[in-house]
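Trainee: I'd like to practise reading a fold with you. Could we go through one feature at a time, general idea before the case?

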Amino acid sequence: MVKPSLRVAKTRNVRTPSRTRIVKVSKRTKRAHCSNCGTILQGVAFGNQSRVKKLYRSKRLPSRIHAGYLCSLCLKSAIKNNVRGSQ
Ligand SMILES: [Zn+2]
């Protein structure tokens, strides 16, 4: 089973007009945040998980390094620190 922090499926009971109860499962993902500063990442697909999986890979994530993990400003400063530290 998936870790609790990675579970996205939310279940709720729905009453229909004929009074049969249906367990409705919605798999929606929230917007991705930067792991360093916490701002919302641009260009990362979110929402209904089945819709996101059907998108092309280029529409799901930006194609640059650390996409979906760091925002552009944090990545810029991380690259600068890495280069300056190596000299
Ligand atoms: Zn950031």
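Mentor: Sure, and let's begin with pairing: two strands count as paired if DSSP finds at least two bridges between them. Keep in mind that this is a predicted model. Here is a case: Thr29 has Gly47 in β3 as its bridge partner.

Trainee: Which residue in β3 is the bridge partner of Arg28?

Mentor: That one is Asn48. Strand β2, residues 21-29, and β3 pair over two bridges, in the antiparallel sense.

Trainee: What holds strands together in general, and how many bridges link β1 and β2?

Mentor: Strands of a sheet pair through backbone hydrogen bonds, and they can run parallel or antiparallel. In this model β1 and β2 are joined by seven bridges, again antiparallel. One pair to look at is Thr11, which sits opposite Val25 in β2. The β1-β2 hairpin has five residues between its strands, and Arg19 there takes a positive phi near 65°.

Trainee: In what order do the strands lie in the sheet?

Mentor: The order is β1-β2-β3, in an open sheet of three strands with antiparallel pairing. β1 and β3 (47-48) are the edge strands with a single partner each, so each has one side without a neighbour in the sheet.

Trainee: Let's try a single residue. Where is Val14, and is Val14 buried or exposed?

Mentor: For burial, count the other C-beta atoms within 10 Å: 20 or more means buried, 12 or fewer means exposed. Val14 belongs to strand β1, residues 9-15. Val14 has 9 such atoms around it, so it is exposed. It does have contacts beyond its sequence neighbours: leaving out residues up to four places away, Val14 touches Ile22 and Lys24. Lys24 is 10 residues away in sequence, with 6.6 Å between the two C-alpha atoms.

Trainee: How many of the nine residues of β2 are buried?

Mentor: The count is zero, and β2 is hardly covered. Across the chain, 1% of the 87 residues count as buried.

Trainee: Now the helices. Where does Gln49 sit, and what does Gln49 touch?

Mentor: Gln49 is part of helix α1, residues 49-54. With 15 other C-beta atoms within 10 Å, Gln49 is partly exposed. Leaving out residues up to four places away in sequence, Gln49 touches Val8, Lys27, Arg28 and Thr29. For contrast, take Thr16: Gln49 is 33 residues from Thr16 in sequence and 25 Å from it in space, C-alpha to C-alpha.

Trainee: And what span does helix α3 have from its first C-alpha to its last?

Mentor: In general, an α-helix has 3.6 residues a turn, so residues three or four places apart point the same way. Helix α3, residues 72-86, reaches 21 Å with its 15 residues, close to the 21 Å expected at 1.5 Å a residue. Zero of the residues in α3 are buried, so the helix lies largely in the open.

Trainee: Let's zoom out. What pattern does the chain follow along the sequence?

Mentor: The pattern is β-β-β-α-α-α, from three helices and three strands. The radius of gyration is 19 Å, well over the 12 Å that the globule rule gives for 87 residues, so the chain is more spread out than a compact globule. Along the principal axes, its C-alpha atoms fill a box of roughly 70 × 25 × 25 Å.

Trainee: What share of the contacts with a separation of 6 or more comes from residues 24 or more positions apart?

Mentor: In this chain, that share is 24%.

Conventions: Residues numbered from 1 in each chain as written. Predicted model: local features only at pLDDT ≥ 70, side-chain atom pairs only at ≥ 80, totals over all residues. Helix = DSSP H or I, 4+ residues; strand = E, 2+ residues; numbered from the N terminus. Contact = placed C-beta atoms within 7 Å. Rg over C-alpha atoms; globule rule 2.2 N^0.38 Å. Expected span 1.5 Å × (residues − 1).
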